[in-house]
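The exercises below are meant to be worked with the model open beside the text. Each task is followed by a solution that goes step by step.

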Amino acid sequence: MTFHFIFADKEEQRTKKTKNSPSCLGYPVSIFFIVVNEFCERFSYYGMKAVLVLYFKYFIGWDNDLSTTIYHTFVALCYLTPILGAIIADSWLGKFKTIVYLSIVYTIGQVIMAISAIHDITDTNRDGTPDNMTFHTAMSMLGLMLIALGTGGIKPCVAAFGGDQFEEHQEKQRSTFFSIFYLSINAGSLLSTLITPILRAQECGIYSKQSCFPLAFGVPAALMVVALIVFIAGHSMYIMESPKGNILLRVMKCIGFAIKNRFNHRSQQHPKREHWMDWAEEKYDKLLIAQVKMVLKVLFLYIPLPMFWALFDQQGSRWTLQATTMDGNFGAFIIQPDQMQIVNPILIVIMVPIMDSAVYPLIKKCHINFTPLRRMTVGMLLAALAFVAAALLQIQIDQTMPNFPSSSQIQVKFLNLENTSVPVEVEGQEPFAVPGFDSSNDYMTLDTENITVSAGGKNATAYFQKSTRHTVLINTDGMLQTLNDITEKPNQGMNAIRFVNGFRSHLNFTIKSDNLGPIAPLQGSGYLSVPHGKYVANFTIVNEEGQTCHYILQLGFGSSYTVLIPSTFSFGESCTENIKAIQDIEPNGIHMAWQVIQYFLMTCGEVVFSVTGLDFSYAQAPSNMKSVLQAGWLLTVAVGNIIVLIVAEAGSLPDQWAEYVLFASLLVAVSIIFAVMAYFYTYMDPMEIEAKFMDLEPEEKKRKELGMTTKDNLAYVNNETSNNTDDKQTKI
């Protein structure tokens, strides 16, 4: 609905509120308030959205599928509500009041989201975990619904309101304004996608330090407050239009009447008409019916398009979750998984001018008829190729991931606390020996709940629950203790570290303000979560006499270590020589930079598909019904996100790479269908068709209808088709 203001119902002439609007350099001063408002609002939306799926996974505690489902449900709502916003603005409140009222709703939603992420609110026992997750979940769902209503509702109004600020003689300034307007959209998106993941990665809290989701949501909320204040501050300078009725409603009524009339005259005694819309002639004039026919012809081509958006919008969900299992170490910088989304807007800024000034002219020189519909087909195929790249990358990631026990299995490994090798026998397995001060090579997978172990000549039986991992501590006297191991990769790329005290006295282990201890002899500690990245963990080991030893362990992303303090350990300068770090889970081995390939392919597909699709749609639609097509375009985005949530919830594919291949295959199939539809599509000249029907109308009505193609309309359309300043359709 972005271009709704230009193509509102032109059967009524524009009735601007006359005032002497102050200007600066030939531009109305009021537009600067609108541009700043748009920058802050887009920062708020994309900043919150960048960390949303990780909030679901790590704070709320949902699995990948449910996190993906709720994420795409939210995005779908954001693209359904613009229709409601346009109807409210055109038929009831007007653009200014609609923006203000829905921005207030929007701001409240952002504040609620920030409050929902404060774990200390319900953390009564101060252990860092909320005790009433239902409260946080309900608050976040309420906040997201308000945000979806707010951001979607103002989407068709802000750019429209900006266009209303210009007079008829300011065509050039208006064109420049839209370039600046869409630059502010991309600038807000780019900065927020870079900044909010950094804020999320900080640790904050009153009683315990956790990932700072309140700050990551709070800053976007603050920016939305700024956006609202700035917009209201320019109130006295705005040129406002009164509501004049919504063309979308008229189109829907016309279609509804045609269907009803056709149904009422379905018997054979009534002669057939050339087109089913001709059954609306009893109530609507032929010009409107002809315009609706043109719109429906384009909307029919929209039917396959949601599949593209089903893949495109997974950049913020599945691809972000994929990045959590990868290595984000970029030399001196640590890239957060949700920061990888910034690749898309960066590539957009680079790729749009390259495509317009180099690729398309080169194709034209090669005498290839690269029509808009062919471009869109290529864009869909590029998006499918991006998911093939994502699937190949996922296969490589899966090969580096540990094999955790299934629901009917247990996994066991052995840790020898003595300095000599200890023979071990597990019932039903081949005997083996565990080296001194070391562990068995890998986890032993068993299909039983109890095992009998013979170590050092003594037997012991251990009982375990299914789908668990354990480390059995042994020495020459037999089995000593069983430790419970983690059965998934540490969250957010963190590292899980624990200590086993093979020394003969109690020891304390500390890192920064976290303390593990005191740990009794021949006992193990729980896990301590240590930051990710190229991080050097500096542990302090203290005995009962106050002697200290500093032990350094360099960590990556998502690893797990058991640090063994042997019986031969002694304090002093060489205290760390005998300490051994045993790797239970390897760090993430595939670098996040490999995701750039799939982001590049997806961005190329977006540039070819989205920008071309909008250009084609507007060129093929009547001048007063561009808003109807924009509503249809946004609806395809919403339906695409609904497809994702259906697959995420209903799909039963065991591997993520298989889901990527499924989506790629579906898009290829849809691309073939779209190519066939495009082959039989006949390009139209809407103005020529409109002129033909206007020749049949009375002279007075003809002059009225010709108001649809005023100079300001044409100036904006030409600006859009020549500059393609709408760099990112989903940022509108």
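## The whole chain

The protein holds 19 helices and 23 strands, where helices (H or I, at least four residues) and strands (E, at least two) are DSSP runs numbered from the N terminus. The model is predicted, so local features need pLDDT of at least 70 and side-chain atom pairs count only at pLDDT 80 or more, while totals for chains, interfaces and linings use all residues. Residues are numbered from 1 along each chain as its sequence is written, and side-chain values use heavy atoms, with hydrogens and water left out.

**Exercise 1.** State what box the C-alpha atoms of the protein fill, and what percentage of the residues is buried.

*Solution.* Taken along the principal axes, the box is roughly 110 × 60 × 50 Å. Of the 732 residues, 55% are buried; buried means under 20% relative accessible area, exposed over 50% and partly exposed in between, with a 1.4 Å probe and protein chains only.

## Helix α3

**Exercise 2.** Check the length of helix α3 against its number of residues, then describe its start, its kink and the residue that follows.

*Solution.* The expected span of a helix is 1.5 Å times one less than its number of residues. For the 30 residues of α3 (residues 64-93) this gives 44 Å, and because the end C-alpha atoms are 41 Å apart, the two values agree.

At the start of α3, the backbone nitrogen of Asp65 has a side-chain oxygen of Asp63 within 3.2 Å. Further along, at Thr81, shortly before the proline Pro82, α3 has a kink of about 25°, the bend being the angle between axes fitted to the seven residues ending there and the seven starting there. After α3 comes Gly94, with a positive phi near 85°.

## An open sheet

**Exercise 3.** Work out in which order the four strands of the open sheet follow each other, and which of them are edge strands.

*Solution.* The order is β9-β8-β11-β12, with antiparallel pairing; two strands pair if DSSP finds at least two bridges between them. The strands β9 (432-434) and β12 (458-463) each pair on one side only, which makes them the edge strands. On average, neighbouring strands of this sheet are turned by 35° against each other, direction ignored.

For one pairing in detail, take β8 (residues 422-426), which is joined to β9 by three bridges in the antiparallel sense. Val424 has Phe432 in β9 as its bridge partner.

## The β16-β17 hairpin

**Exercise 4.** Determine which side chains of β16 are buried, and how many bridges join β16 to β17.

*Solution.* The side chains alternate along β16: Leu507, Phe509 and Ile511 are buried and point to one face, whereas Asn508 and Thr510 point to the other face and are not buried. Strand β17 (residues 514-519) runs antiparallel to β16 and is joined to it by four bridges, with Asn515 of β17 standing opposite Thr510. Two residues separate the strands of this hairpin, and Lys512 in the turn has a positive phi of about 55°.

## Aromatic pairs

**Exercise 5.** Classify the ring pair Tyr302 and Trp633, and then the ring pair Phe499 and Phe509.

*Solution.* Rings of Phe, Tyr and Trp (its six-membered ring) pair if their centres lie within 6.5 Å; planes under 30 degrees apart count as stacked, over 60 as edge-to-face and the rest as tilted. The whole structure has 41 aromatic pairs. In the pair of Tyr302 and Trp633, the centres are 5.6 Å apart and the planes stand at 75°, so the pair is edge-to-face. Tyr302 lies in helix α9 (residues 286-302) and Trp633 in helix α15 (residues 626-650), so that distant parts of the chain, 331 residues apart, are linked. Both Tyr302 and Trp633 are buried.

For Phe499 and Phe509, the centres are 4.2 Å apart and the planes at 20°, so this pair is stacked. Because Phe499 belongs to β15 (residues 495-501) and Phe509 to β16 (residues 507-511), the pair ties together parts 10 residues apart in sequence.

## Two loop residues

**Exercise 6.** Decide whether His367 is buried or exposed, and do likewise for Phe437.

*Solution.* Most residues other than glycine have a negative phi. His367, although not a glycine, has a positive phi of about 60°, and it sits in the loop between α12 (343-365) and α13 (372-400). Its relative accessibility is 76%, so His367 counts as exposed. Phe437, also not a glycine, has a positive phi of about 50° and is found in the loop between β9 and β10 (444-446). At 14% relative accessibility, Phe437 counts as buried.

Note on methods
Axes are lines fitted to C-alpha atoms, for helices over the stretch in contact, and angles run from 0 to 180 degrees between N-to-C directions. A polar contact is a pair of N or O atoms within 3.5 Å; within protein, one must be able to donate a hydrogen and the other to accept it, and residues adjacent in sequence count only if both atoms are side-chain atoms.
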